Amino acid sequence: MLTSQPLHYLQADDPGAGKTIMAGLLIRELLIRGDLKRCLIVCPGSLVEQWQDELGSRFQLPFEILTNDRIEASRSGNPFSEINLMIARLDKLSRDEDAQLKLAKSDWDLIVCDESHKMSASFFGGEIKETKRYKLGKLLGGITRNFLLMTATPHNGKEEDFQLFLSLLDSD
């Protein structure tokens, strides 16, 4: 992945195959090279502490979890512009329009989305149905230089849906 800059990748591998470790290695390498200052991890709520623990213990990366209290305590009113290493809950961001407005005003060197298959859209009857999570994926792709989607289940068997999913990385 490091030979392509900016990188827009889908990391699809079996559960337990080390996707989180690979993301941590990428983050650490980009930091060492001076190519990364700001990184956002977006994942389901049940995984935020696991991400924080893994990145802290294995890579000594002090990621902060975005909470409602942290949002309210923000000096500027926009925690996305204040925190350089952040972990945010997928559904918090996809359902909270105010958070999305603040997020849209930020920029990131790398955004990593775990369980990214949840950011799906569907094509049925000649129409595209974009979910809130899919719209969030489009927003995230537009505010970062490097974008990494991670999932163990990238394909649901429907080619049109898979192409929509891949369009989060490359609109062509």
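**Strand pairing and salt bridges**

Q: Which residue of β5 does Cys-39 stand opposite?
A: Cys-39 stands opposite Leu-110 in β5. The model is predicted, so local features require pLDDT of at least 70 and side-chain atom pairs pLDDT 80 or more, whereas totals for chains, interfaces and linings use all residues. Residues are numbered from 1 along each chain as its sequence is written, and side-chain values use heavy atoms, without hydrogens and water.

Q: Why are β2 and β5 said to pair?
A: Two strands pair if DSSP finds at least two bridges between them, strands being DSSP runs of E with at least two residues and helices runs of H or I with at least four, numbered from the N terminus. Strand β2 (residues 39-43) and β5 have four bridges, in the parallel sense, and therefore satisfy the criterion.

Q: What makes β5 and β8 a pair, and in which sense do they run?
A: β5 and strand β8 (residues 144-151) share five bridges and run in the parallel sense, so the requirement for pairing is met. Within β8, Asn-146 is the bridge partner of Leu-110.

Q: Why is strand β5 described as mostly covered?
A: A residue is buried under 20% relative accessible area, exposed over 50% and partly exposed in between (1.4 Å probe, protein chains only). In β5 (residues 108-113), six of its six residues are buried.

Q: How do you know that Arg-33 and Glu-29 form a salt bridge?
A: The term denotes a side-chain nitrogen of Lys or Arg within 4 Å of a carboxyl oxygen of Asp or Glu. The N to O value for Arg-33 and Glu-29 is 2.7 Å, so the contact qualifies. Both residues belong to helix α1 (residues 19-33) and are four residues apart, about one turn of the helix.

Q: Why is Arg-33 called partly exposed?
A: Arg-33 has a relative accessible area of 45%, and the label therefore applies. Glu-29, at 27%, is likewise partly exposed.

Q: What makes Lys-102 buried, and how is Asp-98 classed?
A: Lys-102 has a relative accessible area of 19% and is therefore buried, whereas Asp-98, at 44%, is partly exposed. These two residues lie four residues apart in helix α6 (residues 97-104). Their side chains meet in a salt bridge at 3.4 Å, N to O.

Q: Why do Lys-92 and Asp-96 count as a salt bridge?
A: Their N to O value is 2.6 Å, so the salt-bridge criterion is fulfilled. Lys-92 is partly exposed, with a relative accessible area of 25%. The structure holds 11 salt bridges.
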